[in-house]
Amino acid sequence: MRIFHTPAEMQQAALTLRRVGRRIGFVPTMGFLHEGHRSLIRLAHQHSNVVVVSLFVNPTQFGPTEDLDRYPRDLAHDEKLCRLEKTGILFCPKAEDIYQPRHSVYVTEESLSRGLCGASRPGHFRGVATVVAKLFNMVQPHVAVFGEKDAQQLRVIRRMVRDLNFPVEIVSGPTVREPDGLAMSSRNANLSPEERRQALCLRRALDRAETLAAGGERSTETLRNAMLEVIRHSPLARVDYVDLVDEETLEPVSRIEKPVLAALAVFVGPTRLIDNTVLKPAEPA
Ligand code: AMP
């Protein structure tokens, strides 16, 4: 495994790999890798013959009061895990190499990023789209892999690739969960034991919506209220949003007529967690 720290080294290696006919698979991450990231690296191997993993906690996607400084980091662990997964190149740039002084060009997506996390984290998707566009230029991937756990991010990236004609195929991987159902997240490391227990309310709320929808409930207001009711039982949980939106457009919908994304963000103590599921209209009995 080769390790690069600068965009120039990374880009040069990528251009050389392309010249000799290698197919580059790319998994962008913020590090503190877990089984969810590992599953994406494995998926990248299925679609390429050299995998690049980036570790970069991107400052431009964090708001001024958010957890940039508290974001967990462990480079030695990440390096070990990438070796285990037969990563070809590990790219871990420094923020000052990614953002030059007086950086002034950004990528903004103006539709899908309005609601959900975009509404509660202004500027977040501008930071995400900008860094992913920059990383694509550095890594020159044929295919890039993203997790369905970040459902809105996945859609924003697909739209960016379509609308800006990036020659990159986007592949998505399902959410990997702890045995009790909590979606794996680097931020789970910041939970106290009691917060960790109560963090299960996200998955429980999604389970409740899935059960009701499978039983024929189509009103998104009823489903949303049922989800909120589940979360109310966890006193350390504070809802940021619980929304049911069209799976493609991310516009709010009142009834499940086509696939609906049920997405939520909940603070458990100081830690903000997200999760989602897609609800389909129940087959008539
Ligand atoms: P992050 O390091 O949290 O920025 O995530 C890097 C990539 O891993 C993103 O594409 C995420 O959607 C994906 N990811 C994060 N958590 C999971 C998970 N539990 N299962 C699958 N993919 C995940």
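The ligand occupies the largest cavity. A cavity is a set of points, on a 1 Å grid over the protein atoms alone, where a 1.4 Å probe fits but cannot get out. To sit in one, a molecule needs more than half of its atoms within 2 Å of the grid points.

This is a predicted model, in which local features need pLDDT of at least 70, side-chain atom pairs count only at pLDDT 80 or more, and totals for chains, interfaces and linings use all residues. Residues are numbered from 1 along each chain as its sequence is written, and side-chain values use heavy atoms, with hydrogens and water left out.

**The shell**

The ligand is surrounded by 17 residues (a heavy atom within 4 Å). The closest are His37, Gly147, Asp150, Val176 and Met184. By type, the shell has 8 nonpolar, 7 polar and 2 charged residues. Gly counts as polar here.

β2 (24–29), α2 (35–46) and β5 (143–147) each give at least two shell residues. The largest share, 3 residues, is from α2. Helices (H or I, at least four residues) and strands (E, at least two) are DSSP runs, numbered from the N terminus.

**Polar contacts**

Each pair below joins N or O atoms within 3.5 Å.

| Protein atom | Distance to a ligand oxygen atom |
|---|---|
| Met30, polar backbone atom | 2.9 Å |
| His37, polar side-chain atom | 2.9 Å |
| Asp150, side-chain N or O atom | 2.6 Å |

The protein covers 93% of the 490 Å² of accessible area that the ligand has on its own (Shrake-Rupley method, 1.4 Å probe).

Technical notes
A polar contact is a pair of N or O atoms within 3.5 Å; within protein, one must be able to donate a hydrogen and the other to accept it, and residues adjacent in sequence count only if both atoms are side-chain atoms. On a 1 Å grid over the protein atoms alone, a cavity is a set of points where a 1.4 Å probe fits but cannot get out, and a pocket is an open set with protein on both sides within 12 Å along at least five of seven lines; lining residues have an atom within 4 Å of a point.
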